[in-house]
Amino acid sequence: MGNGNSTETKESRRSKMRQKLQNFSSRRRLRRPGSGSVSGLASQRSVSQDDFAGIALLTLIGAEMKFKDKWLACVSFGEQTFRTGISDSTDKPIWNSEKKLLLEKNGPSLARISVFETNRMSKNNIIGYCDLDLLEFVVQEPDSTCKPFDLLDPASSDVVGSMFISCSVEDPVETEKCFAKRILSIVDYNEDGHLSFSEFSDLMNAFGNLVASKKKEELFKAADLNGDGVVTIDELAALLAVQQEQEPIINNCPVCGEALQLSDKLNAMIHMTLCFDEGTGNQMTGGFLTDRQASYGWMFKLSEWTHLSTYDVGLNTGSSASHIVVIDRKTKRLVEELIDSKIVMSMRAIYQSKIGLGLMDQGAKEILQNLSEKQGKKMNTAESAQNIPSFLEFFKDQINMSEVKYPLDHFKTFNEFFIRELKPGARPIACIDRDDVAVSAADCRLMAFQSVDDSTRFWIKGRKFSIKGLLGKDVDSDAFLDGSLVIFRLAPQDYHRFHSPVSGVIEKFVDVPGSLYTVNPIAVNSKYCNVFTENKRTVVMISTAEFGKVAFVAIGATMVGSISFVRKEGDHIKKGDELGYFSFGGSTVICVFEKDSIKIDEDLLANSARSLETLVTVGMQLGVSFPKLENCSLES
């Protein structure tokens, strides 16, 4: 009854308390097989007091769709993704599913909510999405009111439904009180909102802390204002929060057992708040990297269990993972790159084995060359235009047709669509009036390294890779040997025109003959293959006032029959100006800078050091010339 007259023994009460904690802990450990440590609390970084913005409680209430189905929703935020349960068959699904998210002033704030129909056995279909800036939302709607958001079709941006969302942010004091209440509720055996001293004592003793044992009577008396031996959980929670702030009494997280850094009170509080949150209420399921992974059906989960499919970031992403995961620079969230599973298997068979590469040496290179040339010709026929709709459907949430300069019926062949132009202003150029700021050369997945040694340690695994081999024998490579390297990998769904990253004068073009291996990370990460130094490529030497000489290397790949340039030797170019384009397929540009000529942006270097490609667009800031190290806004 919470009044000290219960007939339960102390041992039975403690048994109940242990059982509750075990329930929290076991729920928290329910992860999909092979989830790794990139999501959830295992990857929680320390947050500074200045950067802490609060903990947001995001609730997906429901949606209104245009047809009936069984629906689920996913929330992608930073490097974590969560999903709701699956609704009944309806056009008005209700989830009332919530999740607490850590907000940092310099961290991710944009959450993407995606809604999937679940009538497929192995792969569910995304119907609509909306993006919600949590920091902006809670400033405009501080009272956590339910608000509708338009769900947009990923391919056309047409409205396909409405999503009902509420969100609120607790300040640090309220967060600590909330956490304290949740801990105290564990020993409220009769669930009446009141605690006796014996119940409170059980909890304090469980902390195994001398300070807790000494303080328990003092704290309880301070809350028991009328001296009846019973206090409310709310009263005790406020005092416990203050005590934890002044002199910590919890050394280990009561849920997962992780040791807490008592000198870092803020991060200890954040850890315990999010840890407790995972096992309570109508919570979304976590442990996913991307919304696509979270939406997959039971056939995919079975393949994960048997290790036929894996999700991870880092070195496994290219060489052995069955799904390629990159991080979007603008939204700071992880995104899955779409690629047919049969292609993944065939590439791994060829590029990740000596036998596969042996076959390449025995004539398969010529087959790839002929195949690429034939496919290039095929994509220039009028019949090839019939492939455009299916291409758009496959990449429907990764191609934004509203940015394209011409309507779809303008393109008479597939290649015309593939080398599509964008509307003026679709790709703003960072610090456009400053030539000491270099920018991204393409819409791509980018890897950046301050030195060539870093690139071979973190990404390029071909044993014979070298700058001299990359640039070829007709280019003087001495000035670049200890320089910086930036790799821009274009996937088939990307805008395939490339632009100059710097302002300067084009000195010369040098064609280097070669093969047409794929530039997919599976091949780049292979120790048996040297993609960048063996593929067909063109080296463009650009002379600049701010960066010295810059080598711009356009590299052909499987299905890329031609590299076309729209500039000539002697032309003066501004950064962001178009240089050329790749025809059908995926390909890569590599820029090599002279040693100590550029300071690459820290976020790009940090991601690359994790072997994690960064999704960027043309014109985003790449780095600043030495010694001018001021940063421009990424939004520029």
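Start by selecting R112 and Y129: R112 lies over the face of Y129, at 4.0 Å from the ring centre. Keep in mind throughout that this is a predicted model.

Next, select R420 and F417. Here R420 sits over the face of F417, and the distance to the ring centre is 4.6 Å. Leave F417 selected and add F391, F394, F395, F411, F414 and F418; together with F417 they form one aromatic cluster.

Now turn to pairs of rings. A pair of aromatic rings is described by the distance of the centres and the angle of the planes. The structure holds 14 aromatic pairs. Select F67 and W71, whose ring centres are 5.1 Å apart; their planes stand at 50°, so the pair is tilted. Switch on a surface to compare the two residues. F67 counts as partly exposed, with 35% relative accessibility, whereas W71 has 0% and counts as buried.

Then select F197 and F220. How are the planes of these two rings arranged? They meet at 75°, with the centres 5.4 Å apart, so the pair is edge-to-face. Colour the helices to place both residues: F197 belongs to helix α4 (residues 197-206) and F220 to helix α5 (residues 210-223). The pair therefore ties together parts that are 23 residues apart in sequence.

Finish with the surface around this pair. Is F220 buried or exposed? F220 is buried, at a relative accessible area of 5%. Its partner in the pair, F197, has 30% relative accessibility and counts as partly exposed.

Notes
Residues numbered from 1 in each chain as written. Predicted model: local features only at pLDDT ≥ 70, side-chain atom pairs only at ≥ 80, totals over all residues. Heavy atoms only, no water. Phe/Tyr/Trp six-rings, centres within 6.5 Å; stacked < 30°, edge-to-face > 60°. Buried < 20%, exposed > 50% of the residue type's maximum accessible area, 1.4 Å probe, protein only. Helix = DSSP H or I, 4+ residues; strand = E, 2+ residues; numbered from the N terminus. Lys NZ or Arg CZ within 6 Å of the ring centre and 35° of its normal.
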